[in-house]
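This report describes selected features of a predicted model. It takes up a sheet, the contact between chains, the division into domains and some details of the backbone.

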Amino acid sequence: MSTSGSAAEPVIEIRNLTKVYRDFWGRRKVRAVNSLSLDVKKGEVFGLLGPNGSGKTTTIKMLLGLLFPTEGEISILGRPATDVAKNERIGYLPEESYLYRFLTAEETLDFYGRLFDMPASVRKERTEKLLSLVKITHARKRQLKEYSKGMTRRIGLAQALINDPDLVLLDEPTSGLDPLGNRDMKDLILQLKEQGKTVLMCSHLLADVQDVCDRIAILYGGELKVLGRVDELLKSRDETQILTSKLSDDAINEVRAVLQKHGASLNQIDHPTSNLEDLFLKTVQESVERPGHRVIMDDTTRSRGA
Amino acid sequence: MDFEPTPYNIPLGFLYWLIVTGFGTIVVLVVTLLALLITRGTKGFGDFLNLLSSAALDIVQISPRRVGAITRLTFLEAIRRRALLVFVVFAILFMFAGWFLSGGTLVPDFQVKLYVSFVLRAIAWLVLPVALLLSCWGIPEDIKQRSLHTVVTKPVRRLEVVLGRMLGFGLINTLVLLVMAVAGYVWLQQQIDEKARPELTCRRPVFGQLTFLDREGKPAATGINVGDIWEYRSYIEGATRARAIWKFAGIDESALNKDGELILENRFSAFRSHKGQMGRSLLYQLVFVNPETGLRVGTQLRQVAEFRGRTDAIPRTLPKAGEAIGGKITEEAGETVDLINDLVSPSGELVVEAVCIDPGQYMGMARPDLFIRTPDGSFLAGYAKSILGLAMMVLLIVFLGVAASTFLKGPVATLLTFCLVLVGMTAREFMMTIVSGRFEGGGPIESVYRIVLHMNPTQELPTGIAFQSMHLMDLAIRQFVWLIFQIIPNFDYFNMAPYLANGFDVSFNASVLPSIAVTLAFFLPCLLLGYFCLRVRELEAK
């Protein structure tokens, strides 16, 4: 997995973003996002994680101008979130594929192509390419209401890519997909990354995030709790991992002796590992027990653990 | 009913359009500013200024292709969601309508009136709910289903969404209307009896100014009231010097029919003070007078066709006859006059006097009861103009519905638009009474005061600050009603069915043009209102 350097140009800049939902009378109902600051760099796959109600989708919707921030600033591709022109370079796959169910797959892509002011020939070409990419060419003439959930996700993804976007926002991209579809989706995300596109995704499927994301942020209660590179965050810092070629039993015994001589013990022959799910659950638990606690291991973000 | 078409004053209409548009724009801006201040607090004002500048940009950068895409989507949506099921209702209605209309037993003109009214009303009342429901539910459903999310996250301006929706719903409703109109026309042609077919026409009347002479031949403002409570018609006494005098303007050869005759149609009524002569109706004579030369030519005596219209074909060349005296007409042997050259003045004026011949009997008339019937127009053309009027009404409902749906949920938007339509159709006269202040018992607060104290409306109110305040509050309420009165469109403009049903042409200048102007006048404010509401609205907010 390639890395994105800290010097890379930020595609999304979020500063002190706060969203407070109010009722009809203007009374505060809930603070969905609280003073969120983060950057997403060009060419990286960034994962936004958090339990239900943590503010992930609210953040994405503020990025897209569907919701207005109560406080804070958003710059997306160098423009304010409410600037319609920014959408020329953005693709968005919503949490559910909120598409027009009375249209066929072909009509759907043609419709979204028209919204980008594409000429008919370009629309046709893009439609063919995307139908083939998401593997629903066989069902191109069927109305979306006849589609399974997985197929709807696929056509949803196709519409998000109709304009060959520089920035792709994916809200729960693998939800509803079967394992094959899941693999395809992850491959596609990596393919987008290889093409130099920036991907911001939020998901509950932590293994998927771990597979494709360069960096992640974990939100809890609308606040940023963890931000950093996935490999850095998952590293176990109390232990040393030495990767060698396959060792014989004698060699292992000799290594053990050497370690004993240096006052260290050989705890495990296997490599020490952690996984994203553990980290996620730990973060949620710590957030309940120690509300002010933060782990920020991101070289581009100055704030560190409280 | 007065069928005289009042020519539409285009400059005045344009001025009214400007007033309505300007007023609508101010309302949009004020509502938007208030909404922003409420939702965004003090930042609202800055947002408002940003909104104005970006709105200008949005208008300039509007893309016909995107608007076309949304229009097409709206059209497909309506069709695939089975909006066209309305045709089934329409078909059922028309399949069985013949059972209940029993046209065969009616006199021809009444049959035509009944059938034409039925067709135009049925179309209007079937299209109205379709227009109302489609336009009021489209955007709220789009927001509820969140399908709008995938649209506004593309480079689509919300102005394009509103405009596309308006055009799409307008298109589908116009299509529905056109199909119904064609079916209605075919149905009329098949259902109306052969003998009533000639009544399917579009008369083009030229109305004159009516004055009277009393029984002694002196000018009078009106004729005699024979005891009717409704003083619509005035009566002239028979065998006296009483006359009903119509002065027509703009008459030339084009007023004659293809046989060179001048067609005069009247609907005089008869009032008898005695039985009169049995077996015939009252007799009357029409006397043509050249207003400049004073040449007078009487025509033959005719009988009043009571309760029905009567058409008199006057040949261009008339025998130079005098007025009937004692029921006899004197005629100068061999001498003739040319109706156009001798009786119409060079400025195109023609005077026609109606004289009641029978002594002791009375003949009644109102201004529209005698008119010159210039060559009839085609019924199809009149029908098409009536349908065009309905199309304008449907478009207006769509504009109002779409605008309402950008800030209200579907049911509430439907209710609001329906109320606007209902008030615009039925309550404008009542509102006008309130606005004008010409009602007994004072304004609303004064009325309540009088009701509570059991005060007669004519009783003088005491003076004092409290009563002055009450009058001021009534004045404020009147001004508020005036504002509402201006916002609510006048739906009377769109109802052209009475003209066609009564066999009259639908005047383009007097009827079609105002209906187009009203629809256009509301288009821009509705578009801007919808745009601003959708722009300041958080689409995700529940």
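## The sheet of chain A

Chain A contains an open sheet of 7 strands with mixed pairing, in the order β6-β7-β8-β3-β9-β10-β11. Its edges are formed by β6 (90-93) and β11 (295-297) of chain A, each of which pairs on one side only. On average, and with direction ignored, neighbouring strands of this sheet are turned by 15° against each other.

At one of these edges, β11(A) pairs with strand β10 (residues 223-229) of chain A in the parallel sense, over 3 bridges. Within this pair, Val226(A) stands opposite Val295(A) of β11(A).

## Helices on the sheet

Helix α1 (residues 56-63) of chain A packs on the sheet, where it touches β3 (45-49), β7 (167-171), β8 (198-202) and β9 (215-220) of chain A. The direction of α1 makes about 145° with that of β7(A).

Helix α4 (residues 149-160) of chain A also packs on the sheet, in this case touching β6 and β7 of chain A. Between the direction of α4 and that of β6(A) the angle is about 165°.

## Contact between the chains

The contact takes 25 residues from chain A and 24 residues from chain B. On the side of chain B that touches chain A, α3 (64-80) and α6 (147-152) of chain B each supply at least two residues. The largest share of that side, 7 residues, comes from α3(B). By class, the side of chain B that touches chain A comprises 10 charged, 8 nonpolar and 6 polar residues.

## Domains of chain B

Chain B is divided into two parts: domain 1 (10-200 + 380-435 + 487-536) and domain 2 (233-365). The C-alpha centres of domain 1 and domain 2 of chain B lie 47 Å apart.

## Residues with positive phi

Most residues other than glycine have a negative phi. Asn16(A) has a positive value, with phi near 50°, and lies in strand β1 (residues 10-22) of chain A. Asn16(A) is exposed because 12 other C-beta atoms lie within 10 Å, and a residue with 12 or fewer counts as exposed.

His454(B), which is not a glycine either, has a positive phi of about 55°. His454(B) is placed in the loop between α12 (444-452) and α13 (465-487) of chain B. With 7 C-beta neighbours inside 10 Å, His454(B) therefore counts as exposed.

Notes
Residues numbered from 1 in each chain as written. Chains lettered and ligands numbered in written order. Predicted model: local features only at pLDDT ≥ 70, side-chain atom pairs only at ≥ 80, totals over all residues. Helix = DSSP H or I, 4+ residues; strand = E, 2+ residues; numbered from the N terminus. Buried ≥ 20, exposed ≤ 12 C-beta atoms within 10 Å, placed from the backbone. Pairing = 2+ DSSP bridges. Axes fitted to C-alpha atoms, helices over the stretch in contact; angles between N-to-C directions. Contact = placed C-beta atoms within 7 Å. Domains from an automatic or database assignment. Nonpolar A, V, L, I, M, F, W, Y, C, P; charged D, E, K, R; others polar.
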